[in-house]
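Morning, everyone. I have one structure today, and a short look at its backbone. Please have the view open.

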Amino acid sequence: MFRSSIMLLATMLCVSCVSHRPIQDSSSPPIDAANPLDGTPVALAWSSGTQLMMGVDTGAVQTSLLFSPAVESIGARLRGRGAMRTANVPVSLKDDGEPISRKQDVVMADQAPYDGLLGWECIRKYVWNINYPKRSHRFFNKLPSRIKSWNKLSLIPGSDYPQIADKHGRRIILDTGAPPRRLHLQKTLECH
């Protein structure tokens, strides 16, 4: 039951900007998706010519953040103390592109599954197509022409992370960074 609910949700979940329309500006840099064998949503980013593998986490409020091993490999200086620090590391969506963020929050970690995360502020401008059965995903600057219509799931305004409400007012948080065993959906959600 749980697996089929996630499959239906993720087959065509389209997350777009706060106005519920994806950006239509073709000059905006695309987000290049990577599809590893385990199906984890990952995207490519760059910092000073270094390619970064970034997890995609709608629950992260930052535009992007890095894990400490990536910052150390780039040779940047960490600032602050504790589990969350900062570093002046520009991150862009294409090599030698305009940075989406110049200063990063840095999570101190001995080992990390990726170099960092792209958060909600970065991905909310794009249509995000998740194909759960094929374990793949892609980002689009506009709605693909092969999709003739779709149902819009209105995002609750004013939230730091994407969430929707069902007809009874119950909130469902859309967080790709949450472990699947903790996610419980009351309703099946689809976009066509």
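Start at S48, in the loop that joins β2 (42–47) to β3 (50–56). The model is predicted, so keep that in mind for any torsion I quote. S48 has a positive phi, about 50 degrees, and it is not a glycine. As background, most residues other than glycine have a negative phi. Is S48 buried or exposed? Its relative accessibility is 65%, and the cut-off for exposed is over 50%, so S48 counts as exposed.

Next, D96. Where is D96 found? It sits in the loop between β5 (84–92) and β6 (99–107). D96 is not a glycine either, and its phi is positive, at about 60 degrees. The relative accessible area of D96 is 73%, so this residue is exposed as well.

Now the chain as a whole. How many helices and strands does the chain have? The count is 3 helices and 11 strands. Reading from the N terminus, the order is α-β-β-β-β-α-β-β-β-α-β-β-β-β. That order opens with a helix and ends on a run of strands.

Some totals to finish. The chain has 192 residues, and 40% of them count as buried. About 11000 Å² of the chain is exposed, with carbon and sulfur atoms supplying 49% of that area. On contacts, take the pairs of residues at least 6 apart in sequence: 62% of those contacts join residues at least 24 apart.

To recap the two loop residues: S48 has a phi of about 50 degrees, and D96 has one of about 60 degrees. That is all from me.

Conventions: Residues numbered from 1 in each chain as written. Predicted model: local features only at pLDDT ≥ 70, side-chain atom pairs only at ≥ 80, totals over all residues. Heavy atoms only, no water. Helix = DSSP H or I, 4+ residues; strand = E, 2+ residues; numbered from the N terminus. Buried < 20%, exposed > 50% of the residue type's maximum accessible area, 1.4 Å probe, protein only. Contact = heavy atoms within 4.5 Å. Areas by Shrake-Rupley, 256 points an atom, 1.4 Å probe, with all protein chains shown as cover.
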